[in-house]
Amino acid sequence: MSRLTDRDVPPTCPSCGTPTLPEGARFCPSCGTLLAGAIPKGALSPEDELHPVTVMFPDVVGSIALGARLPPEEVKALVGECVSAMARAVEDHGGFVQAYQGDGICAVFGIPAAHEDDPERAARAALRILEVVGAYAHDVQATWGISSFNVRIGIDTGPAVVGTLGASDPQVSALGDATNTAARLQGAAEPGEIVMGQSTAARLSDRFVLREVGPFALKGKAEPVRAFRVVGERRESSPRSLLPLVGRDQERKELSRVLADLASGRGQVVSIIGEAGIGKSRLLAELHAMTGPDLTWLEGRCLSYGGELTYWPFIEILRGWLEVTEGEAEVAVRLRLKAKLTSLLGPRTPEVLPYLGRLLSVKLDPEVEERVRYLPPEALAEQIHQAYRMWVEALAAPHPLILAIEDLHWADPSTRALAEALVAATEHAPLLLACAYRAEPDSEAWKFRLRVMEGFSHRAQDLPLEPLAGPDMARLADTTLAGAELDASSRQTLVARAEGNPLYLEQLLLTLIEAGEVAERRVVSVDERALASFPPALEGLLVARIDRLPPGPRRLAQVAAVAGRSFLRRVLERVASGSEFESDLRTLLRTDLIREHSRDPELEYVFTHGLIQEAAASTLTRIRRRALHGQVARAFEDLFAGGIEDYLEILAHHFAESEERPKAREYLDRAGDKAAGLYANQQAMSLWERAAEVARALEDDVAYRRISEKLADLLSVVGEHERAVAMYRSLAKSDAGDSHRLIARAAWTLLKAGAHEEASSLVESVQGELDPVTAIRLRQARALAAYRADRVIEMKRHLDEAEGLFMQDTPSDVALERAFLWMAYFEELGDYTVANSWADVLLQLSQGQDDPVRLLEAKKRIGVLKLEAGELVRAEILLREAYEQARHIGFVVHTWGAGVNLLYAYLELGQIYRGLALCREFLELHMTPFWRSVALQHVALLEMESGQTDGARAHLQESLRVSSWLDDPRGLLESRIHLCAVDVLDGNVGPETE
Ligand SMILES: Nc1ncnc2c1ncn2[C@@H]1O[C@H](COP(=O)(O)OP(=O)(O)O)[C@@H](O)[C@H]1O
Ligand SMILES: [Mg+2]
């Protein structure tokens, strides 16, 4: 029941005046008058909201045939009775009759506020309607011989805009496609059938037996609509609930201790407390499984729409003891109650029978009935408590007894009072009350808990359930999938999204399975988008938590949801200003929708679960959501005017969502600059991409070109050459004046990518002359390519051509490249004198630049030259500097490159032990398996050299393993050869070595 929103229901019955009605009651407990026929005014928010709703259309058929036999007033009266009974069934289940339409009604479940189980309520109400109308049909058949009197029911679920219509006497109504579809499905149903659309069926298949009918071609629908007939309620539990328990070791331990105490005669009250889906019922089932045969287990559950069904779970418990089946005749129940009680209680039976009989609504002996009828309500309640307790104590006398009560948070006051009355029995009987409930401070369950704590804390044991740990969730995902397997990253995403809640995980998986994303017996990777969808079965559950809030806190939750998963208090306060802010915020904290996230540097809150934030946001209409994003953005601008740099991305996000494009463009662009400044290149690119898109939509060509060029430059830097070139080209095409510069950039990018031919032809395609720097770069790139291909003559030709183009202000990177290429050229010719002089130029130029990577590259390169020229000491110094610098920066490729050459220098210098120490350092670096196998071989060689054959053998064996894992024949062969050499050194030459 939505206790908070039912505040405005008058506290006394308007019909009989009974005072102090139970909070949230829909019917007066004394006279049965319907109390909540109208939506309480305060429950609706002034703005339209979006909710999932379930719409049901029951329509009476056969009244025309009846008209042939009866006067019209009587037909009307009969149909009227049926329609009233249908409306009452709807109200009983918390639905709302939106309209009366001739022989039918339009009922909506989920207004003014969504319940977590609206589709289920609708289905149960529909079953009740079949039953009620069925009774009328039976009478009509018996009396007038007319067999066509019946009812047809259509049900559909979907999002609807919920708001008030009409100015003077506003009526709440829900507008959505589900209304149309439900009406059409009703038309397609056979008399006596309940037909529902797929969206409802998907939410109910766990609890009802459904049979597919149709598909139906419905008016107003392009595609045939899949439809399902309700066959009945599912008796057996769904197979998923039988999956093995994961985690909860501590809780299991405590439960087995409780059971041991119980066996030794000690009664207790155990409370399993936690949010929806966290695993309370699963743990209760586990407790049941842990019990032995010499123990009585009886269970009952509180219903979310319990309404007037007072004492419901205790009635279920009683029926469970009597093994009453659905639809069993009253007389059978009555006799069994009498017989079983008599054998249990003997002469004390009359003290108990009338009251338990009353609970079960069985007929009592006339004189007993007389006694019970005139008892004042409080006295009757007292008698019921006593009788029930007597029965329970008698039952617990021979064997321990466990009464399990599910979903106590939905209990009505009468249920709570009876539960409290039973607690005292735990003092002297082996009785365990095992209750599962959510921590809802306003619920009867919470009152019960506080009462138990007050008077019986020595008997009470709380088991609060925390979210499951990541590895447990991963295991649960695997068992739920049974056969299919998710790839590691999809599983990770899912587990992260469920945040420790097994129900959420299960439903997310179920959505995937139903979307056909997961098939049996194979490893699948799941599309990010499929993972992002909102599971239908959770929609109601989560939206209901938002809808249960009174209007003020609900609006605050919506604002917060727009602000983000976590949000700053100051921002929230600025957007949702108002005198109620403080108390509304407290309500959100108290109901555990949000919690404090941090206090430093300022107060920040966070939604307790990501899906709750999504649910709150989902209740906003598009227009309102847009407006709120704008308000949040402006709050940031106002509050952080001084330090806006820290919030650029947030502002960009909110302005983009609020569709205020100029602002969105500005902040996306600036956020991109900031990211690029921090070398967060991917992020920068994605921000600029979006900025450029917005600029284009704004037809702001100047901004578009400026941002796109930045983007292309960055793409070129990170090696996305193709995209960069395409972008430069398209920019060049659209502005002839600027095309030269852009084509030059494109050409440079192509050169970097090694596409020399393409670069030249691109450059040639541009009219006019090439700018000299690009021309030099083009020649240098070709020279480098020739060098790599060992074509020295061609290399020289390109270098000479480049030489002719140099000018005073040539950029330094071009000058560096020049020195490097000439050095390499003369090194190749074996002319170390000239090569050395270019090396000096190279070193000098690199030292002049403030770029450690350039410098270490130069040192490494020159070190190699010196090594070749036989200047070993100089080589060792340069290579060691390069090596250490690379290690310091953490640049692995260069560390390795410089290191290997340094190793050669040590070997040439005969410094085996320094070489060995260096090799051992290599092994601690993170490197690719290939380089690791090479490093291992080097270490082994040096170890052999220094006589450490054991170490050498071990390292070679590892190298062998790595090589075989890599499938690298050369590595394998070399490792084997070296291993043989080790054998030879050790003197054990076997046949294999031969
Ligand atoms: N520890 C667990 N191991 C395996 N499955 C679990 C566990 N906890 C919960 N589940 C499964 O997750 C779903 C939701 O749990 P349930 O017990 O119904 O939650 P609650 O009663 O708290 O709302 C159920 O299908 C249940 O079987
Ligand atoms: Mg449960």
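**A note on the ligand site and the aromatic pairs**

1. Let's start at the ligand: one of its oxygen atoms, in ligand 1, sits 2.8 Å from a polar backbone atom of Lys 280. Keep in mind as you look around that this is a predicted model.

2. Two further contacts are worth finding on your screen. A polar backbone atom of Gly 277 is 2.7 Å from an oxygen atom of ligand 1, and an N or O atom in the side chain of Glu 506 is 2.6 Å from an oxygen atom of the ligand. The protein buries 88% of the 550 Å² that ligand 1 exposes when taken alone.

3. Now for the shell around ligand 1. Helix 7 (280-290) and helix 17 (502-514) are the elements that each give two or more residues to this shell. In total, 17 residues surround the ligand, with Ser 281 and Arg 282 among the closest. By type, the shell has eight nonpolar, four polar and five charged residues. Domain 3 (257-464) and domain 4 (470-538) each supply at least three residues.

4. Next, the aromatic rings: the whole structure holds 14 aromatic pairs. In one of them, Tyr 388 and Trp 391 meet edge-to-face, with 5.1 Å centre to centre and 80 degrees between the planes. Both belong to helix 12 (residues 377-396), and because they are three residues apart there, about one helical turn separates them. Tyr 388 is buried, at 0% relative accessible area, and Trp 391 is buried at 0% too.

5. Which residues do ring pairs link into a cluster with Tyr 388 and Trp 391? They are Phe 314 and Trp 321.

Notes:
Residues are numbered from 1 along each chain as its sequence is written. Chains are lettered from A and ligands numbered from 1 in the order in which they are written. This is a predicted model: local features need pLDDT of at least 70, side-chain atom pairs count only at pLDDT 80 or more; totals for chains, interfaces and linings use all residues. Side-chain values use heavy atoms; hydrogens and water are left out. A residue is near a molecule or strand if one of its heavy atoms lies within 4 Å of it. A polar contact is a pair of N or O atoms within 3.5 Å; within protein, one must be able to donate a hydrogen and the other to accept it, and residues adjacent in sequence count only if both atoms are side-chain atoms. Accessible areas come from the Shrake-Rupley method with a 1.4 Å probe; for residues, only the protein chains shown count as cover. Helices (H or I, at least four residues) and strands (E, at least two) are DSSP runs, numbered from the N terminus. Ala, Val, Leu, Ile, Met, Phe, Trp, Tyr, Cys and Pro count as nonpolar, Asp, Glu, Lys and Arg as charged, and the others, Gly among them, as polar. Domain bounds come from an automatic or database domain assignment. Rings of Phe, Tyr and Trp (its six-membered ring) pair if their centres lie within 6.5 Å; planes under 30 degrees apart count as stacked, over 60 as edge-to-face and the rest as tilted. Buried means under 20% relative accessible area, exposed over 50%, partly exposed in between (1.4 Å probe, protein chains only).
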